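Please look over the sequence and the structure shown below before reading on. The paragraphs that follow are meant as a guided reading for someone meeting this protein for the first time.

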Amino acid sequence: MTHTTDQCAARPPGRPRSERAAKAIVDATLDLLAEEGGVAGVSIEAVAARAGVGKTTIYRRWPNKEALIIDALAALKGPLPEPRGESFREDLVALAKAFVADKSDKKRVDCYWSVLGSSERYPELMDRFTREIVEPRREVMREVLRRGVASGELRPDLDVELTLWILTGAVAHRTRAAGAGPVPEDYAERVVDALMTGLAPR
């Protein structure tokens, strides 16, 4: 079957309609999630109205608002840098920088805190958020720390889980600290080096 010039010209430029609709739905979900209403303020009706689509368009892709929120939050997360395995420090610094960038984005942080603040009311949503979005990223960092122990760059008795909390806590608190100013460009390196000073073999 051949296509005439008129037929080709009639196609709208840019993304296919379904892809544009999906992006509008995800963006609307994130906007609502970041607002004061948080998770409670997100509904299929509200998302449809803000995205300019019908509710059936949403339900074709997502069975409920919890599934929609999880996919929207996942869309906020950029891929973590792939650990190269050549230098434990360089891999950990690269991961720490990705966390700094993630936590420095106000919209991302507002969305995450909306979910965290709604954990008692929406425990299943919180469980899915932790299991599907948070834990896979944390596991990448655990593997880098375990490799540092195996290579002898870190103490053999290292508490990997505690170290992970120290590292992510230092990033999360610094990016939200009132009056602290912008996060320095070398903050990730300084945190990792400070940790390694205390975690290196004795």
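The text moves from the overall architecture to individual helices, a ring pair and a pocket.

The model is a predicted one. Its secondary structure consists of 10 helices and 0 strands, so read from the N terminus the elements follow the order α-α-α-α-α-α-α-α-α-α under the definition of helices and strands used here. Of the 202 residues of the protein, 38% count as buried.

An early point of entry is helix α3, which covers residues 44–51 and contains alanine 48. Alanine 48 has a relative accessible area of 6% and is therefore buried, since the cut-off for a buried residue is under 20%. Along the sequence, alanine 48 and isoleucine 25 are 23 residues apart, while their C-alpha atoms are 7.0 Å apart in space.

Helix α5 comprises residues 65–76, 12 residues in total. From its first C-alpha to its last, α5 reaches 17 Å, close to the 16 Å expected at 1.5 Å a residue. At the start of this helix, a side-chain oxygen of asparagine 64 comes to within 3.2 Å of the backbone nitrogen of glutamate 66. The buried residues of α5 include Lys65, Ala67, Leu68, Ile69 and Ile70. Leucine 76 also belongs to α5; its relative accessible area is 13%, so leucine 76 is buried. The C-alpha atom of leucine 76 is separated by 6.6 Å from that of arginine 108, although their positions lie 32 residues apart along the chain as counted by sequence separation.

Helix α6 has 17 residues, which at 1.5 Å a residue should span 24 Å; the end C-alpha atoms of α6 are 24 Å apart, which agrees. Among the buried residues of α6 are Phe88, Asp91, Leu92, Phe99 and Asp102.

How many aromatic pairs does the count come to? The count comes to 1 aromatic pair. The rings of tyrosine 112 and phenylalanine 129 have centres 6.0 Å apart and planes at 40°, so the pair is tilted. This pair links distant parts of the chain, with tyrosine 112 in helix α7 and phenylalanine 129 in helix α8, 17 residues apart. Both tyrosine 112 and phenylalanine 129 are buried.

Attention now turns to empty space. Rolling a probe the size of a water molecule over the atoms shows where such space is left. The largest pocket has a volume of about 530 Å³. Its lining is made up of 19 residues, and Lys103, Leu116, Val134, Arg138 and Trp165 lie nearest the centre of the pocket. Which helices each supply at least two residues of this lining? They are α6 (88–104), α7 (106–117), α8 (123–150) and α9 (160–176). Helix α8 gives the most to the lining, with 7 residues. By character, the lining residues divide into 10 nonpolar, 3 polar and 6 charged.

The last stop is helix α10, residues 187–199, where glycine 198 is placed. Is glycine 198 buried or partly exposed? Glycine 198 has a relative accessible area of 35% and is therefore partly exposed. Glycine 198 and leucine 154 are 44 residues apart in sequence, and the distance between their C-alpha atoms is 9.2 Å.

Notes. Residues are numbered from 1 along each chain as its sequence is written. This is a predicted model: local features need pLDDT of at least 70, side-chain atom pairs count only at pLDDT 80 or more; totals for chains, interfaces and linings use all residues. Side-chain values use heavy atoms; hydrogens and water are left out. On a 1 Å grid over the protein atoms alone, a cavity is a set of points where a 1.4 Å probe fits but cannot get out, and a pocket is an open set with protein on both sides within 12 Å along at least five of seven lines; lining residues have an atom within 4 Å of a point. Grid points are joined across faces, edges and corners, and a volume is the space filled by probe spheres set on the points. Helices (H or I, at least four residues) and strands (E, at least two) are DSSP runs, numbered from the N terminus. Ala, Val, Leu, Ile, Met, Phe, Trp, Tyr, Cys and Pro count as nonpolar, Asp, Glu, Lys and Arg as charged, and the others, Gly among them, as polar. The expected span of a helix is 1.5 Å times one less than its number of residues. Buried means under 20% relative accessible area, exposed over 50%, partly exposed in between (1.4 Å probe, protein chains only). A polar contact is a pair of N or O atoms within 3.5 Å; within protein, one must be able to donate a hydrogen and the other to accept it, and residues adjacent in sequence count only if both atoms are side-chain atoms. Rings of Phe, Tyr and Trp (its six-membered ring) pair if their centres lie within 6.5 Å; planes under 30 degrees apart count as stacked, over 60 as edge-to-face and the rest as tilted.
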